[in-house]
Amino acid sequence: GKQAVEQQKQSFHRLVVAMYPKFASDGLLAEQAHIVMEVEEATVLFSDICSFTAQTNSISASELLQWLGYTFGVMDRIARYYKVYKVKTIGDAYFAISGPSCLIEDDNLDAHGGS
């Protein structure tokens, strides 16, 4: 009933806050139709591990997860040091952005730099 709906809303709220920078989560939760941010300069990094599929065929799933965890952990530490906002890891790809000051707040780096 109503309690289940309220729990779903709270879960959704926590998920949105965890996944997006503050300006975007605030806009999403306020049900804004468009969330736009204009910036003068930005740098976008999208990295992909060369020959990933071929490399993964020769190791176990456990070794693969350990290797990816280590690799992305190092990239996370470098990103945090240089105040780069990690958007997402997608398989063997690392997606990050630098420049927009609203993304480079310590809260955003803490929320996204280690996942």
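# Exercises: strands, a helix and a core

With a relative accessibility of 2%, K86 counts as buried, where buried means under 20% relative accessible area, exposed over 50% and partly exposed in between, taken with a 1.4 Å probe on protein chains only.

Before we go on, note that this is a predicted model, in which local features need pLDDT of at least 70, side-chain atom pairs count only at pLDDT 80 or more, and totals for chains, interfaces and linings use all residues. Residues are numbered from 1 along each chain as its sequence is written, and side-chain values use heavy atoms, leaving out hydrogens and water.

**Exercise 1. Place K86 and find its partners.**

Step one: K86 is found in strand β2. Helices (H or I, at least four residues) and strands (E, at least two) are DSSP runs, numbered from the N terminus.

Step two: look across to β3, where the bridge partner of K86 is A96.

Step three: follow the side chain of K86, which a polar contact of 3.0 Å joins to the side chain of D76. A polar contact is a pair of N or O atoms within 3.5 Å; within protein, one must be able to donate a hydrogen and the other to accept it, and residues adjacent in sequence count only if both atoms are side-chain atoms.

**Exercise 2. Work out how the strands pair.**

Step one: strand β2 (residues 85-90) pairs with strand β3 (residues 93-98) in the antiparallel sense, over five bridges. Two strands pair if DSSP finds at least two bridges between them. Y85, for instance, has I97 in β3 as its bridge partner.

Step two: β2 and β3 form a hairpin with two residues between them, and G91 in the turn has a positive phi of about 65°.

Step three: turn to strand β1 (residues 43-48), which runs antiparallel to β3 and is joined to it by six bridges. Here T43 stands opposite S98 in β3.

**Exercise 3. Check the span of helix α4, then see what its buried residues pack against.**

Step one: the expected span of a helix is 1.5 Å times one less than its number of residues. The 21 residues of α4 (residues 61-81) should therefore span 30 Å, and the end C-alpha atoms are 30 Å apart, which agrees.

Step two: the buried residues of α4 are L64, L68, T71, F72, G73, D76 and A79. They pack against α3 (52-56), β2 and β3.

Step three: take F72 as a close-up. Leaving aside neighbours within four places in sequence, F72 is in contact with T89, G91, D92, A93 and Y94; contact means heavy atoms within 4.5 Å.

Step four: just past the helix, α4 is followed by K83, whose phi is positive, near 55°.

**Exercise 4. Which residues make up the largest nonpolar core, and which element gives the most to this core?**

Step one: a nonpolar core is a set of buried Ala, Val, Leu, Ile, Met, Phe, Trp, Tyr and Cys residues joined through side-chain atoms within 4.5 Å.

Step two: the largest one has eight residues, namely I49, F52, L64, L68, F72, A79, Y94 and A96.

Step three: α4 and β3 are the elements that give two or more residues to this core, and α4 gives the most, with four.
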